[in-house]
Amino acid sequence: MASLSPLFLLLLLIFAFADQCNSQNTTTTECLKLPLLHNRPFVSPAEALLWDYQRLLGLHNRGDPKSPVVSGTLLLVADTGGDLVWVKCSACKTDCSAATHVPGSAFLARHSSTFSPHHCFDSPCRLVPHPPRSHCNHTSRLRSPCRYQYSYADGSLTSGFFSKETTTLNTSNGREASLKSLAFGCGFRVSGPSVSGASFNGAHGVMGLGRGPISFSSQLGRRFGNKFSYCLMDYTISPPPTSFLTIGHNVVPRVSRISYTPLQTNPLSPTFYYIGIQGVSVNGVKLPINPTVWSVDKLGNGGTIIDSGTTLTFLAEPAYRQVLAAFKRRVRRLPSVAEPTPGFDLCVNVSGVSRPNLPKLRFRLVGNSVFSPPSKNYFIETAEQIICLAIQPVNSETGFSVIGNLMQQGFLLEFDRERSRLGFSRHGCALP
C-alpha cells in the first residue's frame, strides 16, 4: 500500500485529554477545553527540513484515509492534516505492575467494560487502511476484528484494532458529557522514529482533527457545534505559556476581533483544510504572481492548506521565487552570512542589531481578509545571531502550498466547519 501521511514530528503542541471550558470568556453554553503543551518544534533547522519534506511527501500523495479512553494521562499529538485518532494500547489484563507496564504509557483495553473492536464488516472499518493480506470473517465478530495499519513516509507504522469506546468529559456548564462509540485505533504495535523516537516528544498517539468522518473533531462536532479553535504560542517563550484546544459553539472569546476566509474543498483530498489565497505582498507591494498558482486544478493538485503538523511554510514554486526575490531586495542592508545554513535560500547576520528591519509579509485571502504574520513567524534563528527565511518551495507539480505551524504562532485559529470558514485573530491569544 502507498505510504500514508507522515506524522508531524516538529510540532509546537502536544496535548493531553482535559476536561473543562471557561464559560466566563465565551458565549457558548457547552464546550470542551483541552490544554496544549508547547514543545520546541525542532532540534535543528536541518532536522526541521528533513521531517517537513517527509511530511509533505505523504500529504502530497494524499495517502491519508478517510478519543480514546486513557489510563492516567496520555499525550496525543494534534494533527489537522489527518483523520485517524490512535493511541498506544496494552493487552495487559492481570499482571500490570510497573515491572511489566509503565503506568500512564498506554490504554489498558482489557480493563474497560465498554471497549470493543469494530468488526471487519462494520462500515467504519472501511474508513481505515488495513494490513496487507488481511481478510474478513463475516460470521465471527470475536475472530475478525477490524485491523488497521497506518504507515508513515519514513517506514514507521502503527497497527492494531480499529475500535470504539465510551468516555466521559466534563463540559463548561459542569455536566458530564458521555461520548459513546468514540472510534479510534488501538495500537498494539507501534514502531519507527516517527511514532516512538525522540521527535515524537514522548507522545502516546495522535489526535486527528481533519475533515474526515473518523477524526476527533468530526466525531465530537456533531455534539459540540462542529467547531474548534486553538492558539499556538511562541515556542521561544520560557516558561511556555498556557493555551488550549477548544471544541464547541462560539469558541472565540467575545473580545476577539476576528477575520474569516471560506474553507474550500477538494474532493480528491477531503481531509485537509484548504483556504484561498488571492495575492501576496511584501512591504505593501503586491507581487506579480499568477492567480492560477493558488488554485486547485481538475486533478486535485494545487491550492493551499492550513496544517498544524508541518513546521515551516511551503509555497508553490512560482510564488516562492517571487517572495524570495522581494525579501532579498529588502534585506541588503543586513550583513550576509559567510556560511549559509544548508537548505535555506536566505539567511542574514543580525549580530549587533537589536531590532532588525525585516520585510513585512501579507497574504490576501478569499473573502477580502488579510493574514499579516509578524516576522518571527517566517524568520527563524538557525545559529547564534543568524536568522533564515522559514519558507520553502513546493517543487512537485502535484503538490500544494502549506501554511505551517510556525506561521500560525500568536494567532487564534477557529475552524468553523458548520459555516465552512476559517477565522483568525491576533487578539484571541495572549501576546508576549
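Let me start at helix 3, where the buried residues are Phe-216, Ser-217, Ser-218, Gln-219, Leu-220, Gly-221 and Phe-224; buried here means under 20% relative accessible area, exposed means over 50%, and partly exposed lies in between, with a 1.4 Å probe and protein chains only. Helix 3 covers residues 216–224, and with seven of its nine residues buried it is mostly covered. By helices and strands I mean DSSP runs numbered from the N terminus, H or I of at least four residues for a helix and E of at least two for a strand.

Before going further, a word on the source: this is a predicted model, in which local features need pLDDT of at least 70 and side-chain atom pairs count only at pLDDT 80 or more, while totals for chains, interfaces and linings use all residues. Residues are numbered from 1 along each chain as its sequence is written, and side-chain values use heavy atoms, with hydrogens and water left out.

Staying with helix 3, the residue that follows is Gly-225, with a positive phi near 85°. Asn-226, in the loop between helix 3 and strand 11 (227–231), also has a positive phi, near 60°, although Asn-226 is a residue other than glycine. Asn-226 counts as buried because its relative accessibility is 18%. On the other side, Ser-215 sits in the loop between strand 10 (205–208) and helix 3, and Ser-215 is buried at 0% relative accessibility. Ser-215 and Ala-183 lie 32 residues apart in sequence, yet their C-alpha atoms are 8.5 Å apart in space.

Is Arg-133 buried or exposed? Arg-133 is exposed, since its relative accessible area is 79%. Arg-133 belongs to the loop between strand 6 (116–117) and strand 7 (147–151), and its phi is positive at about 60° although Arg-133 is not a glycine.

For the chain overall, there are 432 residues, of which 57% count as buried, and the secondary structure comprises four helices and 27 strands. The accessible surface comes to about 18600 Å², with 51% of that belonging to carbon and sulfur atoms; the areas are from the Shrake-Rupley method with a 1.4 Å probe, and for residues only the protein chains shown count as cover.

Now to strand 27, in which five of five residues are buried. Arg-421, Gly-423 and Ser-425 point one way, whereas Leu-422 and Phe-424 point the other way. Strand 27 pairs in the antiparallel sense with strand 13 (residues 259–264) over four bridges, and with strand 26 (residues 412–416), again antiparallel, over five bridges; pairing requires that DSSP finds at least two bridges between two strands. Arg-421 has Pro-262 opposite it, and Arg-421 is also the bridge partner of Asp-416. The hairpin of strands 26 and 27 has four residues between the strands, and there Ser-420 takes a positive phi near 50°.

Strand 27 also leads us to the largest cavity, which has a volume of about 80 Å³. Its lining consists of Ile-275, Ile-277, Ile-306, Phe-363, Leu-365, Phe-371, Ile-403, Gln-408, Leu-413, Leu-422 and Phe-424. Strand 20 (361–365) and strand 27 (421–425) are the elements that give two or more residues to that lining. On a 1 Å grid over the protein atoms alone, a cavity is a set of points where a 1.4 Å probe fits but cannot get out, a pocket is an open set with protein on both sides within 12 Å along at least five of seven lines, and lining residues have an atom within 4 Å of a point. Grid points are joined across faces, edges and corners, and the volume is the space filled by probe spheres set on the points.

The largest pocket, in turn, has a volume of about 580 Å³. Among its 18 lining residues, Pro-356, Leu-358, Ser-375, Lys-376 and Ile-387 lie nearest the centre, and strand 22 (residues 379–383) supplies the largest share, three residues.

Finally, an open sheet of four strands runs in the order 16-15-20-21 with antiparallel pairing. Strand 16 (285–286) and strand 21 (369–371) are at the edges, each with a single partner strand, so one side of each has no neighbour in the sheet. Strand 16 pairs with strand 15 (residues 277–282) over two bridges, with Val-282 opposite Val-285.
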